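Me: Could you take me on a close look at the part of this model that surrounds the ligand? I'd like one connected walk through it, please.

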Amino acid sequence: MKISITKKIAIWYAVVLLVMTVGFSAVIITYSNHQAEKAARSQLIDEVADAVGKIRSIDDHIETTGNISFYDDGVYISFYQTDGDLIEGRIPIQISDPPAFKHESVTFLNSGSDSWYIYDEKHNISGKTIWVRGITKSLFGAGNLNRLLQMFIFIVPAFMVLAILGGALLTRRAFRPIHKMLDTVEEIRTKHDYSERVELEPGKDEIHQLAKNFNMLFDDVEESFNKEKQFNFDVSHELKTPLSVIISQSDYALEHEDYQAEALKKINRESRNMATIVSSMLTLARSDTGNLVLEKSNVDLSELCEIIADQQDFIAEERGIKFITEIEPDISVIGDEVMLIRAIVNLTQNAMKYGTGNGNDTIEFRLKQDSTSAVISVSDHGIGIPEQDLDKIWDRFYRADKARSDDESSGLGLSIVRAIAQAHGGLSEVESEVGSGSTFTIRIPLAGGDNE
Ligand code: ADP
C-alpha cells in the first residue's frame with residue numbers, strides 16, 4: 001500500500017499526540033489524586049481527633065458537647081458503643097454495610113458507585129470504651145474514574161481528529177509545490193514542452209525554495225535545449241549550402257567537360273569552407289566538454305603579436321586599411337601558440353571585414369599587460385555593434401551584420417575566440433558603439449601568475 005508523506009506525517013503526529021496526552025494525563029491525574037488522597041486522609045484523622053475532644057461522660061452515659069458537627073469538610077463523624085451501637089452521628093446513606101472497627105487504621109471501602117475512607121479511634125472515657133468513626137469520600141471512587149474515563153473517551157478522539165485534520169491540512173499546503181512539481185515534470189515528460197513551469201504562490205519555506213530552484217533549473221534546461229535545437233538547425237543549414245553547390249557543380253561538370261576546371265575550383269572552395277566549419281565545430285565541441293587540449297608552452301606573446309601584426313599589416317595595406325600597432329615588449333603567457341594565433345587573427349580579420357567603410361579605415365592592434373594578464377585588443381572605427389547584439393555575437397552561427405558576411409563567414413569565429421580565451425583561463429569581451437566602432441579584448445593570465 002502506498003501511503004503519501006502527508007498521511008504518514010498526520011498519522012505520526014496523531015500517535016505522538018495520543019501517547020503524550022494519555023501519558024501526561026495519567027501522570028498528572030495519579031499525582032494530583034495522590035496529593036488529594038493524602039490531604040483527605042489527614043483531614044479525616046484531624047476531624048476524628050477534633051470530635052474525640054468533644055465527647056464527655058455525664059451521669060453514666062456518654063454525650064457530646066453541643067457544638068459538634070457530624071458532617072464537616074466532607075467528613076462524616078459518628079460515635080459507637082463497644083458493642084457497635086450508634087450513640088450519635090452521621091454516616092453516608094450509601095454505606096449499607098459498614099466494616100468492623102479497627103483502632104487508628106484507615107480502611108478503604110467500595111460501596112455502590114463511590115469509594116470511602118474510614119478511620120476509627122477507640123477511646124476510654126470514664127471507664128467506658130467508645131469508638132469514634134470518621135468517613136470521607138475517596139477521589140479514587142469508581143464514579144470519579146468513570147467520569148474521567150468518559151471525558152477521555154470524548155475529548156482525546158476529538159483532539160486527535162483535530163490534530164490529524166490540522167496536520168494534514170498544513171502538510172498538504174506545504175507539499176503543494178511538490179505536487180505541482182510532480183505534475184510539471186509529468187507534463188514536460190509527456191508533452192516534451194520545456195516551457196512548462198511550476199506555478200508558485202508567494203512563500204519562503206524550503207519546499208517553495210526548491211520549486212523556485214526547479215523552475216530556474218528548467219530555465220537553464222530549456223535554454224540549452226533551444227540552443228541545441230538552434231545549433232543543429234544551423235549546422236545542417238551551414239553545411240547544406242556548400243553541399244548543394246558541390247552536388248550541382250559536379251553534376252553540371254559531368255555533363256559539360258569544358259566546365260570541369262571551373263567546377264573543380266568552386267567545389268574546392270566549398271569543400272574548404274566545409275572543412276573550416278567542421279574543424280571549428282570540433283574545437284567548440286571539445287571546449288564544451290572540457291576536452292580542448294592545449295599544446296601549452298611558454299609563449300612570448302610580444303614576439304607572436306609582432307609577427308601577426310606584420311602579416312595583418314600586409315593584408316590591410318592591400319585593402320587600403322591603416323594598421324596601427326602598439327606592442328609592449330617582454331609579455332609572456334603559458335599557452336597554445338597555434339590557438340592564440342587563431343584567436344588574435346580572427347579579431348583582426350573581423351576588424352577588417354566589419355570595422356571599415358565608415359570614413360576611418362584604421363585598425364589599432366595593441367598588446368599590453370596589467371597586474372595579472374596580458375591584454376590583447378583590436379579596435380576599429382567601423383559601424384559598431386547594436387547593443388542588443390553585444391551578447392549574441394559570441395553565440396555560435398550568430399551574425400549581426402549579415403550584409404557584410406562573406407563566404408568565409410560562418411558565425412563561429414567569435415565563439416572560438418571566447419573558447420580559446422577561456423581554455424587559457426582568460427576571457428574575451430567587447431566594447432562597441434554604433435557608428436563609432438568596436439574594441440575586442442582578450443585577456444590571458446601572465447606566465448608566472450596563479451593560473452599558470
Ligand atoms: P563571422 O564568421 O560572421 O565573422 P564571428 O563570430 O567572427 O562570425 O562574428 C559574429 C558577428 O559579430 C559577425 O557576423 C558580425 O556581425 C559581428 N562582428 C564581429 N566583429 C565585428 C566588428 N569588429 N565590428 C562589427 N561587428 C562585428
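Reply: Happy to. In this predicted model, three elements each supply at least two residues of the shell around the ligand: helix H6 (337–354), helix H7 (413–423) and strand E15 (437–445). Among the contributors, H6 gives the most, with 4 residues.

Counting everything, 19 residues surround the ligand. If you want a handful to click on, start with the closest, which are Asn350, Tyr354, Asp380, Asp401 and Leu414. By character, the shell divides into 9 nonpolar, 6 polar and 4 charged residues.

Now for some individual contacts. Asp380, already listed among the closest residues, places a polar side-chain atom 2.9 Å from a nitrogen atom of the ligand. With Ser410, look at the backbone: one of its N or O atoms lies 3.0 Å from an oxygen atom of the ligand. Gly411 also takes part through its backbone, where an N or O atom is 2.9 Å from an oxygen atom of the ligand. How much of the ligand does the protein bury? Taken alone, the ligand exposes 530 Å², and the protein buries 98% of that.

To get your bearings in the rest of the chain, two other places are worth a visit. One is helix H3, which runs over residues 206–255 and has 50 residues. From its first C-alpha to its last it reaches 73 Å, close to the 74 Å expected at 1.5 Å a residue. While you follow H3, pause at Lys240: a kink of about 25° lies there, shortly before the proline Pro242.

The other is a hairpin formed by strands E6 and E7, with 2 residues between them. E6 covers residues 105–111 and E7 covers residues 114–125, and the two pair in the antiparallel sense over 7 bridges. To trace one such pairing, begin at Ser105, whose bridge partner in E7 is Asp120. Then follow the chain to the turn, where Gly112 has a positive phi of about 60°.

Definitions and conventions:
Residues are numbered from 1 along each chain as its sequence is written. This is a predicted model: local features need pLDDT of at least 70, side-chain atom pairs count only at pLDDT 80 or more; totals for chains, interfaces and linings use all residues. Side-chain values use heavy atoms; hydrogens and water are left out. A residue is near a molecule or strand if one of its heavy atoms lies within 4 Å of it. A polar contact is a pair of N or O atoms within 3.5 Å; within protein, one must be able to donate a hydrogen and the other to accept it, and residues adjacent in sequence count only if both atoms are side-chain atoms. Accessible areas come from the Shrake-Rupley method with a 1.4 Å probe; for residues, only the protein chains shown count as cover. Ala, Val, Leu, Ile, Met, Phe, Trp, Tyr, Cys and Pro count as nonpolar, Asp, Glu, Lys and Arg as charged, and the others, Gly among them, as polar. The expected span of a helix is 1.5 Å times one less than its number of residues. The bend at a residue is the angle between axes fitted to the seven residues ending there and the seven starting there. Two strands pair if DSSP finds at least two bridges between them.
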